[in-house]
Every structure is written in C-alpha cells, then in structure tokens.
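Hi everyone, thanks for coming. I'd like to walk you through a structure today, so please have the sequence and the 3D view open.

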Amino acid sequence: MNVTERTDLGRTRGNDCFPLLFECRDTVTLEQSLDWVSRQRETLVARAAAHGALLFRGFGVTSDHDFDAFIQAFGLPNFTYAESLSNAVRVNRTERVFTANEAPPEAVIDMHHEMAQTPVFPSRLFFFCEQAAAGGGETPLCRSDWLLDDLAAELPGFVARCRELGVRYRNTMPAEDVAQSGQGRSWASTLSVDSREAAEARLAALGYDWEWLEDGSLRAITPVLPAIRKMSDGREVFFNQLIAAYRGWKDAERAITFGDDSPFPRDDMERVCELAAEITFDTPWESGDVVLVDNFLVMHGRRPFTGTRRVLASLVADDGSRLAA
Ligand code: FE2
C-alpha cells in the first residue's frame with residue numbers, strides 16, 4: 001500500500017504537530033487497509049498518543065460495518081455505553097459503532113474531553129465520516145496540553161486554582177430518556193440500575209452527592225475531579241469539561257464550580273474559550289475519513305452544518321479510563 005504521512009495539514013508548535021494525516025494514494029480494498037493497520041497498529045497507537053490525533057483518508061472505509069472492522073484492526077478494547085456515565089442518548093449501528101451527537105444541524109457542540117465530567121471516560125475516540133455535510137460540520141480538535149501552556153503563561157492564578165481545587169459538576173438526569181436532548185439519558189440508564197436504592201448505592205460508590213427532584217429526576221453532584229491531568233509521559237493537560245459546561249450547560253454558573261464550591265470567574269472562562277479557539281484545528285471531513293483522537297490529550301466538538309452529515313463514533317477503554325476510587 002502506498003500510504004503517505006503528512007504533517008503539514010494541521011497545527012504546529014515547535015517540533016510538534018497535529019493531527020497527522022495518513023493518505024492512501026492508490027485505490028485499496030478494505031481488506032488491504034485492515035491488513036496495513038493491523039501490521040502497524042502499535043506504531044499508530046503510539047503516534048496518536050504522541051500527537052493527539054490521526055486522520056486516515058482513502059482507506060476504503062465506506063459503511064458502519066467497514067468502520068467497525070477498521071477499529072477492530074487496532075486491537076483496542078471497547079468502552080461500552082453501559083459502563084459509561086454519559087448523559088447522551090445513543091443510537092448504536094454495530095456493537096462498537098454509534099451515531100455521534102444527534103443535536104440539530106445549527107447547534108454548536110462545544111469543545112470537551114469525552115466524559116471528563118465523570119470519573120469514567122474513554123481513552124480514545126474513533127470518528128468516521130459516513131457522509132460529509134454540504135457546508136460546515138467540521139470536527140474541531142484542540143490540544144489541551146498546548147492550551148494549558150498558554151493558560152499558565154497568561155492566567156497563572158487560574159491554573160493554580162484549577163490544580164489545587166479541582167472541579168465539581170452538577171447535572172440532572174431525567175426520570176425517562178429524552179431522545180431530543182443532548183443530555184437526555186435517564187438516571188436508570190446512566191447508572192445501569194432499576195431502583196432508587198440501587199441508584200443511590202452506585203452514586204455513593206462513585207463518591208457523588210445527589211438529590212431527588214419532585215418530577216422524579218435526579219440531580220447528581222460529582223466528587224471533586226481533577227481539572228488538570230498528568231499523562232503517563234509526564235505532559236500535563238487541561239483535561240476537563242469546563243468549556244462545554246460553561247458555554248452549553250443550563251445554569252452553568254452553578255453547574256460547574258471549583259472543588260471548594262466557589263464559582264469559576266467569568267473573565268477567566270471567557271479567556272479559556274478564546275485561547276482554545278485560537279489553537280483549534282477544524283477537521284475538513286471528506287466522506288470515508290476516519291479520525292483517531294487521543295481523549296486524554298485532545299478536545300473535540302462539532303461545528304454547525306447544512307445538508308446531511310453523518311459522523312459515526314466509537315470509544316476505546318484502557319487502564320487510564322478510570323479515576324482511582
Ligand atoms: Fe463528544
């Protein structure tokens with residue numbers, strides 16, 4: 001297979017760059033691609049961990065089942081929806097593949113590390129563009145180690161508070177699934193339980209506080225979670241859900257606080273959002289593209305779009321996916 005690796009597509013900082021583009025110059029079959037991936041999967045996984053994201057173009061991936069097979073060629077364990085505390089309602093296509101957020105085309109999905117607002121999160125994400133939008137619909141990607149460097153230079157006091165205090169997130173899980181909401185997964189489904197007693201036991205085990213509301217919904221408050229994470233290679237990352245929560249959650253001022261329950265200063269949060277936007281790369285989707293994102297290093301989101309856009313996703317678990325209890 002004639003695969004070229006390009007580093008000139010994305011963003012660079014010093015000797016570092018992201019994402020890496022792997023482009024197949026010849027027409028290949030899916031079988032050839034799977035063979036190529038499985039022969040160099042260790043290198044590819046290491047490249048993704050170092051650079052944050054890999055974009056594969058021209059690898060003959062055309063359907064959800066192709067995508068599932070492509071993912072499996074990497075030999076990475078699946079992160080199941082059942083074990084996750086994700087609050088999104090998900091529609092699966094295969095056991096490992098599901099439709100990415102079903103929010104309406106005009107909606108912006110703000111930058112986030114997947115499930116960083118919970119103690120259980122995927123280590124990596126795969127995205128597959130089944131159909132590119134007529135306009136827009138890029139997947140923005142942002143290196144959170146670069147963002148942390150910029151924040152430390154400009155807002156050292158804010159970074160120090162993030163580091164010392166951590167963050168708590170508060171969200172309300174409805175009594176029943178609400179499919180059209182971005183955060184509509186019921187508490188029973190989110191917590192994989194069928195009674196209030198079991199829900200309380202699960203939350204207690206995870207270190208959450210909670211409150212039952214009159215309409216049967218459940219307000220959950222996370223334990224103090226780190227706002228900055230140290231990776232196994234020593235790099236530090238602004239690993240959290242702050243931007244998406246600040247910009248997109250209802251009643252954000254109360255929904256996110258430092259670990260001592262003090263509010264996040266608006267000015268600082270505005271600057272966090274601006275600095276992230278300055279270093280964000282917009283994935284220019286073409287139908288058939290696959291992206292592998294390191295969830296510990298890179299935030300993602302979604303741009304609004306016109307036309308039909310179908311981007312599928314799959315999540316990977318590993319040892320780093322769970323905060324030590
Ligand atoms: Fe996401």
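**A walk through the model**

Let's begin at D261, which is partly exposed, with a relative accessible area of 42%. Before we go on, please keep in mind that this is a predicted model. You can find D261 in the loop between β16 (256–258) and α10. What is the phi of D261? The value is positive, about 70 degrees, even though D261 is not a glycine. If you are new to backbone angles, here is some background: most residues other than glycine have a negative phi, and most peptide bonds are trans.

There is a second residue of this kind to look at. S192 is not a glycine either, and its phi is positive, at about 55 degrees. S192 sits in the loop between α6 and α7. With a relative accessible area of 46%, S192 is partly exposed.

Now for the peptide bonds. Which two residues are joined by a cis peptide bond? They are F18 and P19, and omega there is about -10 degrees. To locate P19, go to the loop between β3 (16–18) and β4 (20–24).

Let's turn to the iron ion. Which residues are its protein donors? They are H112, through NE2, E114, through OE, and H300, again through NE2, and they lie 2.1 to 2.2 Å from the ion. Written as a pattern along the sequence, the donor residues are spaced H-x1-E-x185-H. E114 lies in the loop between β7 (109–112) and β8 (124–131), while H300 belongs to strand β19 (residues 298–302), so this pair ties together parts that are 186 residues apart in sequence. Are E114 and H300 buried or exposed? Both E114 and H300 are buried.

Next, the interior. In soluble globular proteins, nonpolar side chains tend to be buried together. In our model, the largest nonpolar core has 71 residues, and those with the most contacts inside it are L147, F158, F238 and F264. Helix α10 (residues 266–278) is the element that gives the most to this core, with 5 residues. Apart from this core lies another one, of 29 residues, including C17, L34, L76 and F126.

Take F264 as a place to zoom in. Leaving out neighbours within four places in sequence, F264 is in contact with F158, C162, V167, L242, I256, T257, F258 and M269.

Another residue to click on is L148, in helix α4 (residues 144–154). L148 has 5% relative accessibility, so it counts as buried. Again leaving aside neighbours within four places in sequence, the contacts of L148 are V159, I228, E236, V237 and F238. For a sense of distance, L148 and H51 are 97 residues apart along the chain, and their C-alpha atoms are separated by 16 Å.

On to empty space. How many cavities of 30 Å³ or more does the structure hold? The count is 1. The volume of the largest cavity is about 110 Å³. Its lining is made of 16 residues, and the closest to the centre are Q117, T118, N171, M173 and Y208. Three elements give two or more residues to this lining: β11 (167–173), α6 (187–191) and α7 (196–206). The largest share, 4 residues, comes from β11. Sorted by class, the lining has 9 nonpolar, 6 polar and 1 charged residues.

While we are at α6, have a look at T190, which is in that helix. T190 is buried, with a relative accessible area of 1%. Not counting residues up to four places away in sequence, T190 touches S84, L85, S86, M173, R185 and R202. T190 and A82 are 108 residues apart along the chain, yet the separation of their C-alpha atoms is 7.6 Å.

Let's finish with N2, in the segment before β1 (3–6). N2 has 36% relative accessibility and counts as partly exposed. If we skip residues up to four places away in sequence, N2 touches E23, C24, R25 and D26. From C-alpha to C-alpha, N2 and L312 are 26 Å apart in space, with their positions 310 residues apart in sequence as the separation.

That's my tour. Thanks for listening!

Note on methods: Residues are numbered from 1 along each chain as its sequence is written. This is a predicted model: local features need pLDDT of at least 70, side-chain atom pairs count only at pLDDT 80 or more; totals for chains, interfaces and linings use all residues. Side-chain values use heavy atoms; hydrogens and water are left out. A nonpolar core is a set of buried Ala, Val, Leu, Ile, Met, Phe, Trp, Tyr and Cys residues joined through side-chain atoms within 4.5 Å. Buried means under 20% relative accessible area, exposed over 50%, partly exposed in between (1.4 Å probe, protein chains only). Contact means heavy atoms within 4.5 Å. Donors are N, O and S atoms within 2.8 Å of the metal (3.2 Å for Na, K and Ca); water is not among the atoms, so sites may look incomplete. On a 1 Å grid over the protein atoms alone, a cavity is a set of points where a 1.4 Å probe fits but cannot get out, and a pocket is an open set with protein on both sides within 12 Å along at least five of seven lines; lining residues have an atom within 4 Å of a point. Grid points are joined across faces, edges and corners, and a volume is the space filled by probe spheres set on the points. Ala, Val, Leu, Ile, Met, Phe, Trp, Tyr, Cys and Pro count as nonpolar, Asp, Glu, Lys and Arg as charged, and the others, Gly among them, as polar.
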